[in-house]
Amino acid sequence: MSELWDDIDPDDTSPICPECGVSALPPEAMGEPSMCENPNCSTFGEPI
Ligand SMILES: [Zn+2]
């Protein structure tokens with residue numbers, strides 16, 4: 001899946017939700033999990 005990350009800017013730390021493909025909220029702190037910000041996603045509000 002390395003090609004997936006080729007489109008991401010190195011400075012953009014926002015992860016992509018594996019469920020809906022929408023960029024997720026970056027973690028509030030190093031080591032914290034990211035959370036999907038798509039209200040229609042099954043993992044909305046849950047750690048990715
Ligand atoms: Zn999602």
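**View 1. Contacts across the whole chain of the predicted model.** In this predicted model, 14% of the contacts in the chain with a separation of 6 or more are accounted for by residues 24 or more positions apart. The chain has one helix and zero strands, and of its 48 residues, 6% are buried.

**View 2. The surroundings of A24, in the segment after α1.** A24 counts as buried because 24 C-beta neighbours lie inside 10 Å, where 20 or more are needed for a residue to be called buried. Once its neighbours within four places in sequence are left aside, A24 is in contact with S14, P15, I16 and C17, and also with S34, M35, C36, E37 and I48.

**View 3. The pair A24 and E37.** Although A24 and E37 stand 13 residues apart along the chain, their C-alpha atoms are separated by 5.5 Å. E37 is also one of the residues with which A24 is in contact when neighbours within four places in sequence are set aside.

**View 4. The setting of N40, in the segment after α1 (2-5).** N40 is exposed, because 8 other C-beta atoms lie within 10 Å, and a residue is called exposed when that count is 12 or fewer. A24, by contrast, counts as buried.

**View 5. The pair N40 and C20.** Between N40 and C20, which are 20 residues apart in sequence, the distance in space from C-alpha to C-alpha is 8.6 Å. N40, shown here with C20, is the exposed residue of the preceding view, and the place of N40 in the chain is the segment that follows α1 (2-5).

Terms used
Residues numbered from 1 in each chain as written. Predicted model: local features only at pLDDT ≥ 70, side-chain atom pairs only at ≥ 80, totals over all residues. Helix = DSSP H or I, 4+ residues; strand = E, 2+ residues; numbered from the N terminus. Contact = placed C-beta atoms within 7 Å.
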